[in-house]
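Trainee: I should like to understand how the labels attached to a structure are justified. May we go through them one by one?

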Amino acid sequence: APLFSEKANLLSNYLPSNMDDSFFGWNKYAKKDDTTTAKRKMTFVIGVDTFIRIIDPKYYNNDYETMLKDLRTMGNCGVRYVVGGRLEQGKSASDEPKFITGANELSTLPSDVQNLFILIQEEDFRVDISSTELRKKSSSAMTDE
């Protein structure tokens, strides 16, 4: 997540001043008590695996409080995250795949930090694309040339 903080600082210089959440239609996902919309500067669209890494204290010297402080600092600068879920394959062939959104992980955070994240629900958007499969196809296409 320090990388996200660095990205936010760098990218903030390039944002047009006339963009707001209604431009992207994200008001649909805003929580009724979300008073941060007016100061929102940028939103990262990330996958659930990246979300889980962003809130993992191991990336903050194994310090939960440092992780919260860094996320709150980014939040105070207007940074938010939209999190897309993915299909999680079962551990065995008989296990049914299930769609994961990060809701369990999000629920472990304080509410002010939870408000930095918008989890896209399966019924709102789902496209099963595996980045690993895309890389394999791209790699095999390059070797075929």
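**Labels and their grounds**

Mentor: Let us start at a turn in the chain: just after H4, Gly78 takes a positive phi of about 95°. Please bear in mind that this is a predicted model.

Trainee: How do you know that helix H4 has close to the expected span?

Mentor: Helix H4, residues 64-76, has 13 residues. The expected span is 1.5 Å times one less than the number of residues, which gives 18 Å for H4, and the helix reaches 18 Å from its first C-alpha to its last.

Trainee: What makes the buried residues of H4 line one face?

Mentor: The buried residues are Met67, Leu68, Leu71, Met74 and Gly75. Seen down the axis of H4, they fall within an arc of 130°, so they line one face of the helix. On the other side of H4, Glu65, Lys69 and Asn76 are exposed.

Trainee: What caps the N-terminal end of H4?

Mentor: Asp63 does, with a side-chain oxygen 3.0 Å from the backbone nitrogen of Glu65. A polar contact requires N or O atoms within 3.5 Å, and the 3.0 Å of this pair satisfies that limit.

Trainee: Why is the pair Arg72 and Asp112 called a salt bridge?

Mentor: The cut-off is 4 Å between a side-chain nitrogen of Lys or Arg and a carboxyl oxygen of Asp or Glu. The side chains of Arg72 and Asp112 meet at 2.6 Å, N to O, so the pair qualifies. Arg72 lies in helix H4 and Asp112 in helix H6 (residues 111-114), so the pair ties together parts that are 40 residues apart in sequence.

Trainee: Why is Arg72 called partly exposed?

Mentor: Partly exposed lies between the buried limit, under 20%, and the exposed limit, over 50%. Arg72 has 30% relative accessibility and therefore falls in that range. Asp112, at 37%, also counts as partly exposed.

Trainee: How many salt bridges are there by this rule?

Mentor: The count comes to two. Besides the pair just discussed, Arg86 forms a salt bridge with Asp49, the closest N and O atoms being 2.9 Å apart. Arg86 lies in strand S3 (residues 86-88) and Asp49 in helix H3 (residues 48-54), so parts 37 residues apart in sequence are tied together.

Trainee: What makes strands S1 and S2 a pair?

Mentor: At least two bridges are needed. Six bridges join strand S1 (residues 42-47) to S2, and the strands run parallel, so they pair. Thr43 stands opposite Arg80 in S2.

Notes. Residues numbered from 1 in each chain as written. Predicted model: local features only at pLDDT ≥ 70, side-chain atom pairs only at ≥ 80, totals over all residues. Heavy atoms only, no water. Helix = DSSP H or I, 4+ residues; strand = E, 2+ residues; numbered from the N terminus. Buried < 20%, exposed > 50% of the residue type's maximum accessible area, 1.4 Å probe, protein only. Arc of directions from axis to C-beta. Polar contact = N/O pair within 3.5 Å; in protein donor to acceptor, adjacent residues only side chain to side chain.
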